[in-house]
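This report describes selected features of the structure shown below. Helices, a sheet and nonpolar cores are taken up in turn.

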Amino acid sequence: MGKKQHQKDKIYLTNTEWSESFGGKKPQLPINSAFRRLPFDHCSLSLQPFTDPYCTEDGNVFDVLSIVPYLKKYGVNPINGQPLSFSDLIKLNVFYNADKQMHCPVTFKVFTNNSHMVAIKTTGNVYAFDAIEQLNLKPKYFKDLLTDVPFTKKDIITLQDPNALQSKNLATFYHVQNKERTEEESGKIKNIKTVNATSSEVFNELNKFDESNKIAETSKILGIEKNEEEKDADFLSAAVFTKGRVAASLTSTTMDVTTKQENAVRDEDSVRYDYVKKKGFARLVTNLGDLNLELFCHLTPRTCDNFIRHCNSGYYRKTIFHRSIKHFMIQGGDPTGTGEGGKSAFENGAPFADEFKPQLSHSSRGFLSMANSGPDTNRSQFFITFRSCKHLDKKHTIFGRVVGGLDVLSKMEQIKTDAKDKPLETITIQNTIVFVNPYIEAQEEVDRLRGEKDLKNETPKDRKGGVLHSDSLIKYKPAGVGQYLNMKLFKRPSADEEDAFSSVETMNKLTSKKAKLKDSSSMLDFSQW
C-alpha cells in the first residue's frame, strides 16, 4: 500500500499499449531489417517446397522447374544477381523416410529448420553434417558414404547452417528486391471461381499435360533424364551380397519393415567388364608422328574403358602434352593444358578408382599409365614412361604400353622444356583412332545371355510356408578358388536324413556299445555338416 499503487490505472492508452496490445498500427520497419527465413525444404526462387532440387556452389537450392525458366529469361543467380548458367547447377539426391520426411541416409535423422545440412558436389547426396564430420573429416576418409566416389573438402557444400542463417533471409534475395517473375501468362489457364465437374476435370488434365511438357523441356535443357525406379537384380547383375534392408529394418526404427532378402544390383559397366577377355588397340596421331598403343582391357577394364571412350568422343583431340621430364615421363590428356583439368568419361565426369594388378609394373620404357592427384582420383590425364619407374607401382594405374612409334617417343623426349617442365615446342594430339574395342563384343555377349535366359523363371518363390528361405537369392557362381570346392560336402542334411541318423538302430551301427543315446531327435556331432 503506498501513494503510487494506482499509478498504472490511467484513463488513457499509451502509444505502445495501443500498437502492441490493442491492435493499433505498428511502425513500418525497413525491409532489410526484418528477418524472413526460408524453410530448408523450399525453393529459393519459387519459395515453395521443391520436388526436384538443384543447388549452386553457394548452397542455394532451387527447384528445377523454377530455375530453368528464370535462367532462360535473366541468366543470373536469383539470390545475388551474379551470372549463372545451367552447367553451374548441381543435382541433389534427397532421401526420404516412410513418412515422406527428408532425412540423412546415414544417421537417419530427420531434417528440420535447425539441422546442419551439407551436400557432396561430386555425387549430389545430401547428408547431416554430423555424419560427414565423424565419418569423413575426422578420419580423413574423403569418399562418399553411399557411393565411394572421392571428393575433397572444397566439394562439401553447406545447404543450411543453423548458426549462419543470413543466407536464408528472404529480404536479401535479389529476385525479391527486384520483383522479378517468370510466370508465363500466355497459355496458362486462369483461375475460375465457379466451374462444373466436367470443366474441372478438363482443366486438371490440361494442367498435367502442361506440367509434363515443362518437365520434358527442362530435362532436355539440362541434358538429364528422370531416374527410373530401382531395378531388380538379374542373373548377371546380382552381387554376391544383399541390399542389407532386412538387417537395417530389424535394428532401425526409421526404416520400413522388410522380410525379403534381395541381391544388391551391380552397375551395367561392371557386368560388361566381366566379359572383356581381349586387349584393345588405339593410335594417338601427334604432330611428331603416330603412337600405337596396346591397352590391357582384360586387366584394367574401367581405366581402358575411360580411355577408349575419350578417344571415340574426340576428347583428346587438339590437346597438348603439357609436361615432359627427360629420363622420366611425358604427360597429357588435359584439355586445359595446365595439368589441373580433365574429367572422366563416366557420369558427371566423376573420378574413378585405381586398378592395380601385380603382373603390371612400370618396368621399362613406353608404359601407359594414369596421372592422378591421389588414390582413386583418375580422370583423363595419362603419361608415358621414358624409362623404368617401379617406384610408381601401386600409385598409378598401368593400362597400356607403346607397341609402335618408339622413335616418336624419342623425339618427344629430346624436346627441351622450361622451368615448369612444359615443352618449348608444342606437342599436339591431332587425332585418336581406336582399332579394337573389346567392350562392344562384351556388350553383345551380355545382351545374348540375357536374351536366352528367361528372367521370369529365374527367381523362384521367395517364401515357403511363411518362412524366408535363402533360395530367394540369385545363385552366384564363385570365380576364384571357390569354384573348385564341392559344395555337396558342406550341404546340411534334410529333416528326413536327420531322423534316420538320429534313430537308435543307425546310431548303434555308427557308435560304440558304450555310447549313450541322450536324444533321438537331435544330431550328436557335426560330421555331416
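## Helix 8 and its C-terminal end

In this predicted model, Gly314 follows helix 8 and has a positive phi, near 80°. Helix 8 itself covers residues 301–313. At 1.5 Å a residue, its 13 residues should span 18 Å, and the end C-alpha atoms are indeed 18 Å apart, so expectation and model agree.

The buried residues of helix 8 are Pro301, Thr303, Cys304, Asp305, Asn306, Phe307, Ile308, His310 and Cys311. Phe307 also belongs to a nonpolar core, described further below.

## Helix 9 and its two faces

Helix 9 comprises residues 406–414, of which Val408, Leu409, Met412 and Glu413 are buried. These residues cover an arc of only 145° around the axis, and therefore lie on the same side of helix 9. The face turned away from that buried side carries Asp407 and Gln414, both exposed.

The packing partners of the buried residues of helix 9 are strands: strand 11 (280–286), strand 12 (289–295), strand 14 (323–325), strand 15 (329–332) and strand 17 (382–385).

## A three-stranded open sheet

An open sheet is formed by 3 strands in the order 2-1-3, with antiparallel pairing. Strand 2 and strand 3 (90–91) are the edge strands, each pairing on one side only. Strand 1 and strand 2 run antiparallel and are joined by 3 bridges. Within this pair, Pro53 stands opposite Asp63 of strand 2.

Helix 2 lies across strand 1 and strand 2, and runs at about 90° to strand 2.

## Nonpolar cores

In soluble globular proteins, nonpolar side chains tend to be buried together. The largest nonpolar core here has 40 residues, and Leu92, Phe111, Val126 and Leu159 touch the most other members. At least two core residues come from each of strand 1 (53–55), strand 2 (61–63), helix 2 (64–73), strand 6 (117–120), strand 7 (126–128), helix 3 (129–137) and strand 8 (156–160). Helix 2 supplies the largest share, 6 residues.

Which residues does Val126 touch, leaving aside those up to four places away in sequence? Val126 contacts Leu92, Asn93, Val94, Phe95, Pro105, Phe111, Met117, Val118, Ala119 and Leu159. Apart from the largest core lies another core, of 32 residues, which includes Tyr273, Ala282, Phe307 and Phe346.

Methods: Residues numbered from 1 in each chain as written. Predicted model: local features only at pLDDT ≥ 70, side-chain atom pairs only at ≥ 80, totals over all residues. Heavy atoms only, no water. Core = buried A, V, L, I, M, F, W, Y, C linked by side-chain atoms within 4.5 Å. Buried < 20%, exposed > 50% of the residue type's maximum accessible area, 1.4 Å probe, protein only. Helix = DSSP H or I, 4+ residues; strand = E, 2+ residues; numbered from the N terminus. Contact = heavy atoms within 4.5 Å. Pairing = 2+ DSSP bridges. Axes fitted to C-alpha atoms, helices over the stretch in contact; angles between N-to-C directions. Arc of directions from axis to C-beta. Expected span 1.5 Å × (residues − 1).
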